[in-house]
Amino acid sequence: MSLLSDLINLNLSDITDKVIAEYIWVGGSGMDMRSKARTLSGLVNDPSKLPKWNYDGSSTGQAPGQDSEVILYPQAIFRDPFRRGNNILVMCDAYTPAGEPIPTNKRNKAAKIFSNPDVAAEEPWYGLEQEYTLLQKDVQWPLGWPLGGFPGPQGPYYCGTGANKAFGRDIVDSHYKACIYAGINISGINGEVMPGQWEFQVGPSVGISAADELWVARYILERITEIAGVVLSFDPKPIQGDWNGAGAHTNYSTKLMRNDGGYEIIKKAIAKLEKRHKEHIAAYGEGNERRLTGRHETADMNTFLWGVANRGASIRVGRDTEKAGKGYFEDRRPASNMDPYVVTSMIAETTILWKP
């Protein structure tokens with residue numbers, strides 16, 4: 001008699017050319033991830049050669065019941081770390097049957113910005129630092145915290161080790177390896193300042209691929225926490241009080257910034273970001289005002305501040321960049337629940353295309 005684990009781990013590649021494709025998209029809240037699977041007759045490596053598909057948008061908050069069909073357009077392919085073999089994960093965006101992007105499709109607008117010749121010529125690089133919090137399933141309280149109570153104050157948890165400091169490392173390491181398997185350019189992980197909170201980094205990746213990779217990395221993490229019976233939270237301030245919030249610091253550079261004399265280009269880009277500070281803040285995640293208070297390594301959301309090696313700034317420039325006279329900068333304003341399509345394309349649009 002086969003065990004359930006035996007059946008889950010069946011290697012289909014040994015007996016068939018058929019492939020399971022898990023189509024993934026962003027739901028109506030802008031943060032809920034949805035997916036469903038279909039069988040393909042063989043391996044496909046080009047998303048443009050995958051069939052479009054549809055779903056019931058009235059069940060995801062993306063279409064009315066009387067006209068509920070929404071069409072999925074495949075955009076990026078990744079290896080499936082859950083089914084393995086030749087099976088794939090497919091990142092999609094969503095359109096009406098007439099071919100118009102639905103209102104919650106943020107990828108379509110981002111793709112237009114990144115395909116602009118002036119933006120493409122600059123080869124924008126991104127490094128996305130995704131912070132998140134692991135919660136105990138039944139009580140929605142951070143993993144490792146005493147029920148209804150609090151652990152010791154912050155200090156020993158950041159990059160910490162030990163059963164009383166690091167909670168959920170098996171989930172974090174599983175996610176790390178699964179992302180590498182999938183083909184995501186994940187560059188690292190670390191424990192964060194608040195216990196039960198972790199971070200992974202995606203990049204450096206070019207243009208819209210950074211956002212595709214972050215969304216699929218989020219999906220994989222959601223699936224792993226599902227298996228572990230732990231709740232994943234992207235709330236930017238999951239616990240009120242003297243605890244760090246959760247952000248998605250966005251590291252950014254253009255070709256001109258990476259070349260000699262790039263530091264002057266960086267300063268000009270930061271000046272543009274300052275002029276559009278309110279516009280960016282409004283698009284950088286829900287509930288971010290609970291996090292951007294001027295405390296816990298943040299700048300107040302109503303104040304734009306930049307500096308070298310300053311983690312209390314809106315924009316931080318690294319010491320290495322200052323010393324080399326070229327490099328990148330870090331936008332520390334985005335919340336952990338930001339949409340990477342919105343944030344990455346908005347930074348490129350402001351710094352490259354926008355004329356004050």
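User: How do you know that domain 1 and domain 2 have separate centres, and what distance lies between them?

Analyst: In this predicted model, the centres of domain 1 and domain 2, taken over C-alpha atoms, are separated by 27 Å. The domain assignment of the protein places domain 1 at 3–104 and domain 2 at 117–353, and the contact draws 17 residues from domain 1 and 20 residues from domain 2.

User: What makes up the area that domain 1 and domain 2 bury between them?

Analyst: The size of an interface is often given as the accessible area lost when the parts come together. For domain 1 and domain 2 that area is about 1,700 Å², with 75% of it on carbon and sulfur atoms. On the side of domain 1, Met31, Phe78 and Phe82 supply 39% of the area buried against domain 2, which is more than any other three residues supply.

User: How many salt bridges and how many residue pairs in polar contact are counted between domain 1 and domain 2?

Analyst: Between domain 1 and domain 2 the count is 0 salt bridges, whereas the rule for polar contacts finds 3 residue pairs across the interface, both residues of each being at pLDDT 80 or more. The elements giving two or more residues to the side of domain 1 that touches domain 2 are β1 (19–26), β2 (33–40), β4 (69–79) and β5 (88–95), and the residues of that side divide into 10 nonpolar, 3 polar and 4 charged.

User: Why is the pair of Arg83 and Glu22 called a salt bridge?

Analyst: Side chains of opposite charge can pair when their charged atoms come close. The cut-off is a side-chain nitrogen of Lys or Arg within 4 Å of a carboxyl oxygen of Asp or Glu, and Arg83 and Glu22 have an N to O distance of 2.7 Å, so the pair meets the definition. Arg83 lies in the loop between β4 and β5 and Glu22 in strand β1, so the salt bridge ties together parts that are 61 residues apart in sequence. By this rule the count comes to 15 salt bridges.

User: What makes the bond between Gly203 and Pro204, and the phi of Gln140, worth pointing out?

Analyst: Most residues other than glycine have a negative phi, and most peptide bonds are trans. The peptide bond joining Gly203 and Pro204 is cis, with omega about 5°, and Pro204 has its place in strand β9 (residues 197–206). Gln140, which is not a glycine, has a positive phi of about 55° and sits in the loop between β6 (125–136) and β7 (141–142).

User: Which residues does UniProt list for "domain: GS beta-grasp", and what is the strand content there?

Analyst: The unreviewed UniProt entry lists residues 19–99 under that name, and over residues 19–99 the chain is 48% strand and 0% helix. The annotation "domain: GS catalytic", also from an unreviewed entry, covers residues 106–356, a span that is 38% helix and 19% strand.

Methods:
Residues numbered from 1 in each chain as written. Predicted model: local features only at pLDDT ≥ 70, side-chain atom pairs only at ≥ 80, totals over all residues. Heavy atoms only, no water. UniProt positions renumbered as here; feature names shortened; annotations may be inferred. Helix = DSSP H or I, 4+ residues; strand = E, 2+ residues; numbered from the N terminus. Domains from an automatic or database assignment. Contact = heavy atoms within 4.5 Å. Buried area = accessible area lost by both parts, 1.4 Å probe. Polar contact = N/O pair within 3.5 Å; in protein donor to acceptor, adjacent residues only side chain to side chain. Nonpolar A, V, L, I, M, F, W, Y, C, P; charged D, E, K, R; others polar.
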